[in-house]
Amino acid sequence: MLASALTLMRAKANFVQQFIRNPRKMGSITPSSAALCRTMCDTVHWDRSLRIAELGAGDGVLTRHILARMSPQAQLDVFEISPELVDSLREWSDPRMQVRACSAEYLSGEYDVIFSGLPLLSLPPGTREAILSAVHDVLGPRGVFVQFQYTSLTQPDLSRYFTWQRQRVLKNMPPAWVYRCTRHYAP
């Protein structure tokens, strides 16, 4: 019990350290709550989700929830650009997960589900557009893009590419919006 508490404290300290180094890339000083992760995961039909991506995995809080819900034959591509966080994620031993040390701009293939905690408003407009365009292009015909944000100011950007529904999660610090997006066929 003490060992798991110490591991949790180290993980939170590492997250805060990453935020201090580059707040525009992290987006928040605290990791996502279990309630936020559950809400994001509850928007997905797991029985038909075999190819999954997570954009901006950070320290893996949402990643753990995704892996717990995935079927044994599913594959998760985790995109993270922080070298320290990439190294930490690569230490995990789940053969269904592949860590990609690159920007989500380089998505390729076709995905059934894409999860994102990227701080879209903090990204330069060109990068934000490139990521949303890439997500649109690789999302399968019945695919779902699940994005959380702390503000609704990204709705015009999301609306250019997706039809969406949103849900408020108050049990998170700060409270967040979870957007469940499906693809437009003509951006």
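At what angle do helix α3 and helix α4 pack, and how far apart are their axes? I started my notes with this pair, keeping in mind that the structure is a predicted model.

**Entry 1: helices α3 and α4**

I looked up the two helices and found that α3, residues 34–42, packs with α4, residues 61–69, at an angle of about 45°, their axes being 9 Å apart. Angles under 35 degrees would count as roughly parallel and those from 65 to 115 as roughly perpendicular, and α3 and α4 are therefore oblique to each other. I also noted the handedness, which is that of a right-handed crossing of α3 past α4.

I then listed the residues that meet: from α3 they are Ala34, Cys37, Arg38, Met40, Cys41 and Asp42, and from α4 they are Val61, Leu62, His65, Ile66 and Arg69. By character, the residues of this contact divide into 7 nonpolar, 1 polar and 3 charged.

**Entry 2: what α3 buries, and against what**

Next I asked which residues of α3 are buried, and I wrote down Ala35, Leu36, Cys37, Thr39, Met40 and Cys41. The buried residues of α3 pack against α4, and they also pack against the strands β4 (111–116), β5 (139–149), β6 (162–169) and β7 (176–183).

I took Thr39, which lies in helix α3, as a single case to follow. Is Thr39 buried or exposed? Its relative accessibility is 13%, and since buried means under 20%, Thr39 counts as buried. Setting aside neighbours within four places in sequence, I found Thr39 in contact with Gln167, Val169 and Val178. I also checked Thr39 against Arg168, and the two are 129 residues apart in sequence while their C-alpha atoms are 9.2 Å apart in space.

For a second case I turned to Ala68, which has its place in helix α4. With 65% relative accessibility, Ala68 counts as exposed, and from C-alpha to C-alpha it is 10.0 Å from Cys41, a residue 27 places away in sequence.

**Entry 3: the chain and its sheet**

I stepped back to the whole chain and noted 7 helices and 7 strands, which follow one another along the sequence in the pattern α-α-α-β-α-β-α-β-β-α-β-α-β-β. Of the 187 residues in the chain, 46% are buried. When I looked at contacts between residues at least 6 apart in sequence, 66% of them turned out to join residues at least 24 apart.

In what order do the 7 strands of the open sheet lie? I read the order as β3-β2-β1-β4-β5-β7-β6, with mixed pairing. The edge strands are β3 and β6, each of which pairs on one side only, and neighbouring strands are turned against each other by 15° on average, direction ignored.

**Entry 4: strand pairs**

I went through three of the pairs in more detail. Strand β1 (residues 51–55) runs parallel to β2, and 5 bridges join them, with Arg51 standing opposite Gln75 in β2. Of the 5 residues of β2 (residues 75–79), 4 are buried, so this strand is largely enclosed by the rest of the structure.

The pairing of β5 and β7 is antiparallel and extends over 5 bridges, and here I found Phe148 opposite Val178 in β7.

On the other side I followed β6 and β7, which run antiparallel and are joined by 8 bridges; the bridge partner of Gln165 in β7 is Arg180. The two strands form a hairpin with 6 residues between them. Pro174 is in the loop between β6 and β7, and I recorded that the peptide bond from Met173 to Pro174 is cis, with omega near -5°.

**Entry 5: Glu105**

My last entry concerns Glu105, which I located in the loop between β3 (97–100) and β4. Its relative accessible area is 30%, which makes Glu105 partly exposed. Which residues does Glu105 contact, leaving aside neighbours within four places in sequence? I found Thr127, Ala130, Ile131 and Ala134. I also noted that Ser133 is 28 residues from Glu105 in sequence, with 8.2 Å between their C-alpha atoms in space.

Conventions
Residues numbered from 1 in each chain as written. Predicted model: local features only at pLDDT ≥ 70, side-chain atom pairs only at ≥ 80, totals over all residues. Heavy atoms only, no water. Axes fitted to C-alpha atoms, helices over the stretch in contact; angles between N-to-C directions. Parallel < 35°, antiparallel > 145°, perpendicular 65-115°, else oblique. Left-handed = near helix turned anticlockwise from the far one by under 90°. Contact = heavy atoms within 4.5 Å. Nonpolar A, V, L, I, M, F, W, Y, C, P; charged D, E, K, R; others polar. Buried < 20%, exposed > 50% of the residue type's maximum accessible area, 1.4 Å probe, protein only. Pairing = 2+ DSSP bridges.
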